Amino acid sequence: MQNTAPQKSAAEGFGKFTPYEPKKGEEYMSEKMREHFRHILTGWRKELMEEVDRTVHHMKDEAANFPDPNDRATQESEFTMELRTRDRERKLIKKITESLDALDEGEYGYCESCGIEIGIRRLEARPTATLCIDCKTLDEIREKQRG
């Protein structure tokens with residue numbers, strides 16, 4: 001039995017954009033910059049939601065009661081992996097929605113911990129980032145120490 005659903009990375013959705021080039025003297029998180037990130041975030045969320053729909057249809061279409069226990073086990077294993085992936089993507093959709101809310105409130109692009117600018121390139125690499133690179137590094141060190 002072969003899995004026919006295309007496997008895609010959750011990060012694929014926001015990778016299709018032109019990097020933002022700020023104009024000389026442009027204010028951080030200007031209206032154009034916010035629209036750039038709104039486009040990235042909404043496109044990514046839309047693609048993830050479409051993937052959820054495809055998974056539901058795939059599981060309905062492919063669900064079969066195989067007489068062979070090995071075939072049944074293989075199908076169940078594939079469905080379990082797909083559902084785990086969708087669960088991670090569901091959590092990612094929630095983060096994307098929170099980022100869009102922060103964008104609407106004028107808080108997007110600023111570190112939740114220290115308040116400084118996160119930076120355009122970091123946000124393009126990880127649009128749901130809420131910490132600047134320094135605070136994220138410290139957070140990871142603390143997490144590593146806690147074990």
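Which cysteine holds the sulfur closest to that of C135, and how far away is it? I looked this up in what is a predicted model. The closest cysteine sulfur belongs to C132, and it lies 3.6 Å from the sulfur of C135, too far for a bond.

**Entry 1, cysteines.** I searched the whole structure for disulfides and found zero. C111 is in no disulfide either, and its nearest cysteine sulfur is that of C135, 3.7 Å away. A disulfide needs two cysteine sulfur atoms within 2.5 Å, so a separation of 3.6 Å between C135 and C132 does not qualify. I then checked whether these residues are buried or exposed. C111 is buried, with a relative accessible area of 5%. C135 is also counted as buried, at 12% relative accessibility.

**Entry 2, long helices.** I took α1 next, which runs over residues 31-62 and has 32 residues. From first C-alpha to last, α1 reaches 46 Å, close to the 46 Å expected at 1.5 Å a residue. I noted the buried residues of α1, among them M33, F37, L41, W44 and L48. The list also includes H36, E47, E51 and H58. The buried residues of α1 pack against α2 and α3.

Helix α2 covers residues 69-104, which is 36 residues. I read its reach as 52 Å from first C-alpha to last, close to the 52 Å expected at 1.5 Å a residue. Just after α2 I found G106 with a positive phi of about 80 degrees.

**Entry 3, largest pocket.** I put the space in the largest pocket at about 380 Å³. It is lined by 19 residues, and the closest to its centre are E112, T128, A129, T130 and L131. Which helix gives the most to this lining? It is α2, with five residues. Sorted by class, the lining has nine charged, six nonpolar and four polar residues.

**Entry 4, T128.** I went back to T128, one of the residues closest to the centre of the largest pocket. Where does T128 sit? I found T128 in the loop between α3 (120-125) and α4 (133-146). T128 counts as buried, at 9% relative accessibility. Leaving aside neighbours within four places in sequence, I listed its contacts as L41, W44, L92, K95, I96 and S99. L41 and W44 are among the buried residues of α1.

How values were computed:
Residues numbered from 1 in each chain as written. Predicted model: local features only at pLDDT ≥ 70, side-chain atom pairs only at ≥ 80, totals over all residues. Heavy atoms only, no water. Helix = DSSP H or I, 4+ residues; strand = E, 2+ residues; numbered from the N terminus. Expected span 1.5 Å × (residues − 1). 1 Å grid on protein atoms, 1.4 Å probe; cavity = no way out; pocket = protein on both sides within 12 Å on 5 of 7 lines; lining within 4 Å. Points joined across faces, edges and corners; volume = space filled by probe spheres on them. Nonpolar A, V, L, I, M, F, W, Y, C, P; charged D, E, K, R; others polar. Buried < 20%, exposed > 50% of the residue type's maximum accessible area, 1.4 Å probe, protein only. Contact = heavy atoms within 4.5 Å.
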